[in-house]
Amino acid sequence: MYTTELQKTASLGATEDPERLAAFEARVAADEFIEPKDWMPEAYRRTLTRQISQHAHSEIVGMLPEGNWIGRAPSLRRKAILLAKVQDEAGHGLYLYSAAETLGTSREEMIEALHSGKAKYSTIFNYPTLTWADIGAIGWLVDGAAIMNQVPLQRTSYGPYARAMVRVCKEESFHQRQGYEIMMVLAAGTPDQKRMAQDALNRWWWPSLMMFGPPDADSPNTAQSMRWRIKRETNDELRQKFVDITVPQADALGLSVPDPALRWDKARGHYDYGEIDWEEFYAVVRGEGPVAKERIAARRQAWEDGAWVRDAAAAHARKHGRREAA
Ligand code: BYC
C-alpha cells in the first residue's frame, strides 16, 4: 500500500558495511542509546527522521483543533488551562523538530514536506472540534492515546528522541487529566451537557483507536522498527492497552463507548473490541480527512505570517555574529 522509507532504503541495507552494522545492532540489543554522531545504518536514520518529523508535525497541527476553542472556552480558568496546553504542544513540536534535525534534515525541509503534503501527521487532527466537549474528549482520549504511545518511546534507541519524550510525557499526563476533568464536569452536569459529552465520545472514540496506526499485520514499518528498538511496542499492543485503560474510565463517567462488540474477555484478560474502519483510516492518511485542507492551509498561513519573526531573528544573529567577530 505504501512505499515506506524502509522499502526505499532496503537496497541501501545491502550496501552497509556488515561489520559496522553488526556493531550497531549489538549496541541496540544492549539497550545503549545511539547518539547523533554515532554511525547508524541509512535506513535507521531515514525511518527515524520520518517518524520524529511526523510526530513533530502532529504536535504542531494538533494545536489547531484546540486553538479553535481558546476564544470560546466557557470560563477564564478553562481558557488559561487550554492556552497553556496548546502552548505545550508547540513546545513538543520544537523539541521534536530539534531531535529530527540531529539526523541531518533541516527544519525548513521538514516544514516544506508538511506544507506540500509529502509528510504525514496524525490522522486524528483531520477531524473538527464541534463543541466544547470535544476539548474534553481530545484531552482524555487523544492525549491518553498519545501517552500510551509515547511512554515506551522514552526508551527508544535514539537518544535525542528518547530524551525529548521524557518531558513530553510529563506534560501529556497533565493534558489527559485536564481533558478527563472537563468530561467529568459535563457528564455530571445538565442532561444537555451529558449528551454533549456522549456525542464527543461517539465521534472521537474510533479516530483515537486509529492513532495507533494500522494493524501489525499491515504495518510495513513495525517489524524493523521493533528490531532496532525505535518502537518498543507494536501498534496493536498499544491499542489494546489503551482500550483496557479507557473503557473503565468511560464507565466511571457514566458514558458508553460506541462499540456494540465491546466486551470483557475474561480468558484473555482484555477487552475485545469491534472492527476499526480501516478504509476511513487510509482515506484520512491520504489527506482526505474532513478538515485536512483547512489544517494545511492554516499551517501555511502561520508560516507566512511568521516570516518577519524568522527574518528578524536571522538579522539579530548576523548582527551579534559581527559584534563577536569585532
Ligand atoms: N496518522 O508501518 P506503520 C499528540 C502511517 S500527537 C497518520 O505502522 P510506523 C498530540 C505511517 O506513518 C501524537 N499516518 O508506521 C498533539 C506509515 O506511513 P509512512 C502523534 C499514520 O511509523 C496535540 C504508514 O501509515 N504521535 O500527541 O511504524 C494535541 C504505515 O504505518 C498513522 C506520534 O506521532 C496515523 N495515525 O507506526 C494532542 C507518535 N498511523 O510514513 C495530542 C510517534 C500510521 O511509512 N509515531 N500512519 O509513509 C509512532 O509511534 C508511529 O509512527 C506510529 C505509526 C505508531 C504512528
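Select helix H7 (residues 107-116) together with helix H14 (residues 292-305) in this predicted model, and you will find that their axes come within 9 Å and cross at roughly 140°. That angle makes H7 oblique to H14, since only angles over 145 degrees count as roughly antiparallel. Viewed along the line between the two helices, the crossing of H7 and H14 is left-handed.

Next, select helix H10 (residues 191-210) and helix H12 (residues 235-253), whose axes come within 10 Å and cross at roughly 160°. H10 is therefore roughly antiparallel to H12, and the crossing of this pair, H10 with H12, is right-handed.

Now bring up H4 and H6, which pack with their axes 8 Å apart and at an angle of about 160°. Because of that angle, H4 and H6 are roughly antiparallel to each other, while the handedness of the crossing between H4 and H6 is left-handed.

Keep H4 and H6 displayed and turn to the ligand. Which residues come nearest to the ligand? Among the 38 residues around the ligand, these are Lys-120, Asn-149, Ser-219, Lys-231 and Asn-235, so a selection of these five by number is a convenient place to start.

With the ligand in view, step through three side chains that place an N or O atom beside a ligand oxygen. In the side chain of Ser-219, an N or O atom is 2.7 Å from an oxygen atom of the ligand; for the side chain of Asn-149 the corresponding separation from a ligand oxygen is 2.9 Å; and for the side chain of Gln-54 the distance to an oxygen atom of the ligand is 3.0 Å.

If you then display the ligand's surface, consider that on its own the ligand has 1,000 Å² of accessible area, of which the protein covers 94%. The elements to colour around the ligand, each giving two or more residues to the shell, are helix H4 (42-61), helix H6 (76-101), helix H8 (132-153), helix H9 (159-187) and helix H13 (278-288).

Finally, colour the shell by residue class. How many residues of the shell around the ligand are nonpolar, polar and charged? The shell divides into 14 nonpolar, 15 polar and 9 charged residues.

Technical notes
Residues numbered from 1 in each chain as written. Predicted model: local features only at pLDDT ≥ 70, side-chain atom pairs only at ≥ 80, totals over all residues. Heavy atoms only, no water. Near = heavy atom within 4 Å. Polar contact = N/O pair within 3.5 Å; in protein donor to acceptor, adjacent residues only side chain to side chain. Areas by Shrake-Rupley, 256 points an atom, 1.4 Å probe, with all protein chains shown as cover. Helix = DSSP H or I, 4+ residues; strand = E, 2+ residues; numbered from the N terminus. Nonpolar A, V, L, I, M, F, W, Y, C, P; charged D, E, K, R; others polar. Axes fitted to C-alpha atoms, helices over the stretch in contact; angles between N-to-C directions. Parallel < 35°, antiparallel > 145°, perpendicular 65-115°, else oblique. Left-handed = near helix turned anticlockwise from the far one by under 90°.
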